[in-house]
Amino acid sequence: MEKNDFLLYNEIIYHIHTCEDMDELKRAILAQIKFLVPYTYASLMQVDIDPETQTIHHRDPFCLPDSFTALEEAWIDRDYQDESLWVSRAPESIVVRSSDLNGEGRLQTTIFRELYQQYNIYDTMSVNLAYDHRVMALLTLYRTRADGTFTDEEAFYLRALARHINYAYASLAQRDDRQLRQARTMEELIETYALTRREAEVLRLVFQGRNNQEILDKLMISRHTLLKHLQNLYRKCGVSFRWDLLKLKE
């Protein structure tokens, strides 16, 4: 790796690891990779595998440019016809180029003829994002005939970045899962104990570990009002202490 490429590689890693939400991460992955591995189109889509049937499901394609989403949605409907579908099942990240799998014969496959040809796609390079032996997503880069095929060096770069992308993707996905579970838990508690909007706000802040003064500052209410809300929470939830409220949190 040349010095300039090494510096660029580290800059890409920095951008990936500093993303604060999944949408930002997806955009950063596709935008940053292009500096090191040029492409015409790119997509990142979630991969789910049915635990009983082992059927692969692709969904929610995030594409650059956005107009490429239509093609990826069409591909999802016909992913079973793609000869590289097995990549989405691999428990470890694998980089695959369609030009390696079937040479010029790839251009005669159903996927190329009926889908890719309209975008003048000549070569693809994919890597499955996997963490802890579980596939999370599929990242695919596309080039037209004018761009030529992806090189061994570019495949090496993508493979080197995959480890960092996997970790960043898994970390944000796990955080989003936790937040979703917490949101569902709050909805269940609000319904089960018939909590008012303000009582729910107080309970959410208690779950966050906020003390009374922090709750007062956040909600801008009087101490008397806060104590009243807490008393109502204790009564409705059938508990006597703040610690018992915390036990309601999953």
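Q: What makes aspartate 132 stand out in the hairpin of S4 and S5?
A: In this predicted model, aspartate 132 takes a positive phi near 55°. The hairpin has two residues between its strands.

Q: How do you know that S4 and S5 pair?
A: Pairing asks for at least two bridges between the strands. Ten bridges join S4 to S5, so the two count as paired. They run antiparallel, and asparagine 128 stands opposite leucine 138 in S5.

Q: What makes strand S3 a partner of S4?
A: The same kind of count helps here: three bridges join S3 (residues 95–97) to S4, and the cut-off is at least two, so this is a pair as well. S3 and S4 run antiparallel. Valine 96 has serine 126 in S4 as its bridge partner.

Q: Why is strand S4 called largely enclosed by the rest of the structure?
A: Of the eleven residues in S4 (residues 121–131), ten are buried, so the strand is largely enclosed.

Q: Why is the contact between arginine 143 and glutamate 154 called a salt bridge?
A: The closest N and O atoms are 2.7 Å apart, and the limit is within 4 Å, so the pair qualifies.

Q: Which parts of the chain does the pair of arginine 143 and glutamate 154 link?
A: It links distant parts: arginine 143 is in strand S5 (residues 134–144), while glutamate 154 is in helix H6 (residues 152–192), eleven residues apart.

Q: Are arginine 143 and glutamate 154 buried or exposed?
A: Arginine 143 has a relative accessible area of 5% and glutamate 154 has 11%. Buried means under 20%, so both are buried.

Q: What makes the two ends of the bridge between arginine 97 and aspartate 100 differ in burial class?
A: Arginine 97, at 11%, is buried, because the cut-off is under 20%. Aspartate 100, at 51%, is exposed, because that class begins over 50%. The closest N and O atoms of the pair are 2.9 Å apart.

Q: Why are arginine 198 and glutamate 201 called partly exposed?
A: Their relative accessibilities are 25% for arginine 198 and 21% for glutamate 201. Both values fall between the buried and exposed cut-offs of 20% and 50%, so the middle class applies. Their side chains meet in a salt bridge of 2.6 Å, N to O. Both lie in helix H7 (residues 197–207), three residues apart, about one turn of the helix.

Q: How many salt bridges does the rule give?
A: The count comes to eleven. Elsewhere, Asp48, Arg59 and Asp60 are linked in a network of salt bridges.

How values were computed:
Residues numbered from 1 in each chain as written. Predicted model: local features only at pLDDT ≥ 70, side-chain atom pairs only at ≥ 80, totals over all residues. Heavy atoms only, no water. Buried < 20%, exposed > 50% of the residue type's maximum accessible area, 1.4 Å probe, protein only. Helix = DSSP H or I, 4+ residues; strand = E, 2+ residues; numbered from the N terminus.
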